Every structure is written in C-alpha cells, then in structure tokens.
Amino acid sequence: MTFAATILTLYPEMFPGPLEHSIAGRALEEGKWVLEVLQIRDFATDKHHTVDDTPAGGGAGMVMKADVLAAAIDGARERQPDAPVLAMSPRGVPLTQQRVRELSAGPGVTILCGRFEGFDERIFEGRPVEEISVGDYILSGGEIGALALLDACIRLLPGVMGAASSGDEESFEQGLLEYPHYTRPQEWEGRTIPEVLRSGDHAKIASWRKSQAEAITRSRRPDLWERYSGASDQSPSGAQRKDTKDE
C-alpha cells in the first residue's frame, strides 16, 4: 500500500515545496508516497470561481464557503475513500507523534488548507473532517501546517529513513524530549564530549542518555514530564517504552 496525500488548497504551487527535497523528496521519486494537489477554486460553480464570502453576523475578513469546500472534499474522497480528511486549524486537536504514527500507518491523508478567517462551520457538520493544529499560533493559511504534518508522516514510512530504528529514541517517541548529541571534534572551544560517551560502556551510555532526557523534559516541558512519570508502559507515541532494568 502506497501512502497517498491529497491536498485541497488555493495555492497548489506551494506543493510539494520542501517535500521535494531530502528524504521526503527521494521517497516521492521512489514511489514510497504519492501526492495530488487540488485547486479548491476548481470546485466553485460560479463564473468567478468564488470560494469565500463575508461572515454572517458581520465582522472582519472572509469565510470559506461550505458548498465549495464540500464539493472539494467529495472530489478528494472519490480518489481516496479510506483516507481521513484533515483540516489544518488553530482550534484543532494538537498534532502529536502518536497521531502521526497512526496516520503514517494508514492509506494516506486528505488535507484541507484554509485561508482568510477560516471555514464555514457547517462543513464540519456535513462532512467527516478532523481539525488538526500544529501549534498555538496563527499562520496565513493551512499549507505550512500541511507540509509539517506530511513531513512527520513520510519520514515514518517503511524504507524512508536509512535505518528502521532511526526514529526510536527521538523526542516524544518514549514520552521524553531527546537527550543531547555530540560528535567530533572531541574538544571545541574548551568544551569536551562527556566522558561517559567515550567510555564504550553501552549500558552506562544508555543510562546517561535516559537520565539526560528525563532532566531536560522535567525542566523544559513539565506537561510532558507529568504525563511520562504517571504513564503506563505504553508510550505517548505508540512505541513500546523500555523498562529501566532492561537497559
């Protein structure tokens, strides 16, 4: 099964954008995932291809029309009937590594990119659309969020990363932020690589890395630390957490 991404946007030229490069770009060339970009305006039926209108009740800005959005979503679902339809929205559920893993294991995604003041609310009542947020801030549109979501999914597809284990110890995979990394030269501006990393003792290295990850998470992300310290053996990302005594 090839992961297929369908993008609904007013700016098709923004895709594949950065996903045309690095590991995502190589994977696209190799057919590990496929991309189709649909212009939302093509689904408008009036001669001006109108996609937005003034907000009911008054107010600034414009709102994307439910009828046009529905036609675009229906067109995408004809192509990918089993793919979830996601709308990039600041009021959506925050995107997590667990949700990314779930999406990357499926047939693909249809992503609706908003502009202006957002979507006519009735689109969420009339179509199965899941609102997703990539952070507590506002972007000019959903395209950058869609690129971020796709990048997170694509790197987890089989054969995309060089080694299957490359993502196992990254931030959020075990519920923690990642431990510090070092490489040559051994000394730089009077700062040296921690001695434990030069010891060759893999058990000590693993223990040091875990303690560092825990300390960083505790100080920088108390919310993650609270979930981690009170969690079960199943990590937030869906990967199986290692027991300390096995390390």
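Me: What makes Leu10, Tyr11, Met14, Met64, Ser140, Gly141 and Glu143 count as in contact with arginine 115?
Reply: Contact means heavy atoms within 4.5 Å, and arginine 115 is in contact with those seven once its neighbours within four places in sequence are left aside. This is a predicted model, where local features need pLDDT of at least 70, side-chain atom pairs count only at pLDDT 80 or more, and totals for chains, interfaces and linings use all residues. Residues are numbered from 1 along each chain as its sequence is written, and side-chain values use heavy atoms, leaving out hydrogens and water.

Me: Why is arginine 115 called buried?
Reply: Arginine 115 has a relative accessible area of 17%. Buried means under 20% (exposed is over 50%, partly exposed in between, with a 1.4 Å probe and protein chains only), so arginine 115 counts as buried. Of the 247 residues of the protein, 41% count as buried.

Me: Where does arginine 115 lie?
Reply: You will find arginine 115 in the loop between β6 (108-113) and α4 (122-126). Helices (H or I, at least four residues) and strands (E, at least two) are DSSP runs, numbered from the N terminus. The protein has seven helices and nine strands.

Me: Why are α6 and α7 called oblique to each other?
Reply: Helix α6 (residues 202-220) and helix α7 (residues 222-229) pack at an angle of about 125°. Under 35 degrees is roughly parallel, over 145 roughly antiparallel, 65 to 115 roughly perpendicular and the rest oblique, so α6 and α7 are oblique. Among the residues making the contact are Lys210 of α6 and Trp225 of α7.

Methods
Axes fitted to C-alpha atoms, helices over the stretch in contact; angles between N-to-C directions.
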